[in-house]
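Trainee: Could you take me through one part of this protein closely, and show me how that part sits in the rest of the model? I would like to follow the reasoning as well as the result.

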Amino acid sequence: MNKSKIKPYAVSILLTLAVGGLRGFLTSMGMDSFDALTKPPFTPPSFLFPIVWTVLFILMGVGAARIFMTEPTAARNRALIVYVVQLAVNFFWSIIFFNFQQITLIFSYYVGIKSFCQSHRNYHSAASFCFKIIYLSDIAPNR
């Protein structure tokens, strides 16, 4: 892979990881509320969450880079806008949930963004679609 193809991946992955890292830092004080929740027995141990979220954020960055590198079209631009919107939502939902414990607000927030993303889904490749499915399969049970 030449340098011109590596740069979009590197920028996209680093930007996505920076958003996730900042989100993790800002919600670290509110994690006591998560620990206090009654959770089902199949809830993974707490030490796995940062590992899983890091992998998911890397996959999100790869998916965004793959879309960015396609031919510029209106569909590609819409897909990138949806990506940025979901990244912003991903950033803010945990702050609202963990730091402010606004369960009703976060439910409304989730339904709104889910509706937005569903109405704008347009996958540019099988890989991008698979990365999105992996991401959604992780976050859906947590809402």
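Mentor: Happy to. Let us start with a term: a contact here means heavy atoms within 4.5 Å. With that in hand, look at helix H1, whose buried residues pack against helix H2 (31-36), H3 and H4. Please keep in mind that this is a predicted model.

First, some background. The protein has six helices and zero strands, so its pattern along the sequence reads α-α-α-α-α-α. Of its 143 residues, 34% are buried. Among contacts between residues at least 6 apart in sequence, 76% join residues at least 24 apart. About 8,900 Å² of the protein is exposed, and carbon and sulfur atoms supply 72% of that area.

How far can we trust the part we are looking at? Average pLDDT for the protein is 78, and 76% of the residues score at least 70. Confidence is highest in helix H1 (residues 3-27), at 92, and lowest in helix H6 (residues 126-139), at a mean of 54. Over residues 139-143, pLDDT stays under 50, and the model has five contacts there beyond four places in sequence. Where pLDDT is low, the predicted coordinates should not be read in detail.

Now to H1 itself. Its 25 residues should span 36 Å at 1.5 Å a residue, and its end C-alpha atoms are 36 Å apart, so the two values agree. The buried residues of H1 are Pro 8, Tyr 9, Ser 12, Ile 13, Thr 16, Gly 20, Arg 23 and Thr 27. To read that list, remember that an α-helix has 3.6 residues a turn, so residues three or four places apart point the same way. Try following the buried positions along H1 with that in mind.

Next come two of the partners. H3 (residues 48-68) has 21 residues and reaches 30 Å from its first C-alpha to its last, close to the 30 Å expected at 1.5 Å a residue. Its buried residues include Trp 53, Leu 56, Phe 57, Met 60, Gly 61, Gly 63 and Ala 64. Val 55, also in H3, counts as partly exposed because its relative accessibility is 45%. Val 55 joins Phe 47, Leu 48, Ile 51 and Val 52 in a nonpolar surface patch of about 430 Å².

H4 (residues 74-99) has 26 residues, which should span 38 Å at 1.5 Å a residue; its end C-alpha atoms are 37 Å apart, in agreement. Phe 92 belongs to H4 and is partly exposed, with a relative accessible area of 41%. What separates Phe 92 from Leu 26 in sequence and in space? The two are 66 residues apart in sequence and 10.0 Å apart in space, C-alpha to C-alpha.

Finally, follow the chain past H4 to Gln 101, whose phi is positive, near 50°. Gln 101 lies in the loop between H4 and helix H5 (103-119). Its relative accessibility is 48%, so Gln 101 counts as partly exposed. Leaving out residues up to four places away in sequence, Gln 101 touches Ser 33 and Ile 96. The C-alpha atoms of Gln 101 and Gly 30 are separated by 8.4 Å, although these residues are 71 apart along the chain.

To come back to your request, the picture to keep is H1, with its buried residues packed against H2, H3 and H4.

Key. Residues are numbered from 1 along each chain as its sequence is written. This is a predicted model: local features need pLDDT of at least 70, side-chain atom pairs count only at pLDDT 80 or more; totals for chains, interfaces and linings use all residues. Side-chain values use heavy atoms; hydrogens and water are left out. Patches are made of residues with over 30% relative accessible area and no salt bridge: like charges are joined within 9 Å, nonpolar side chains (Val, Leu, Ile, Met, Phe, Trp, Tyr) within 5 Å. Accessible areas come from the Shrake-Rupley method with a 1.4 Å probe; for residues, only the protein chains shown count as cover. A salt bridge is a side-chain nitrogen of Lys or Arg within 4 Å of a carboxyl oxygen of Asp or Glu. Helices (H or I, at least four residues) and strands (E, at least two) are DSSP runs, numbered from the N terminus. Buried means under 20% relative accessible area, exposed over 50%, partly exposed in between (1.4 Å probe, protein chains only). The expected span of a helix is 1.5 Å times one less than its number of residues. pLDDT is the predictor's confidence in each residue, from 0 to 100.
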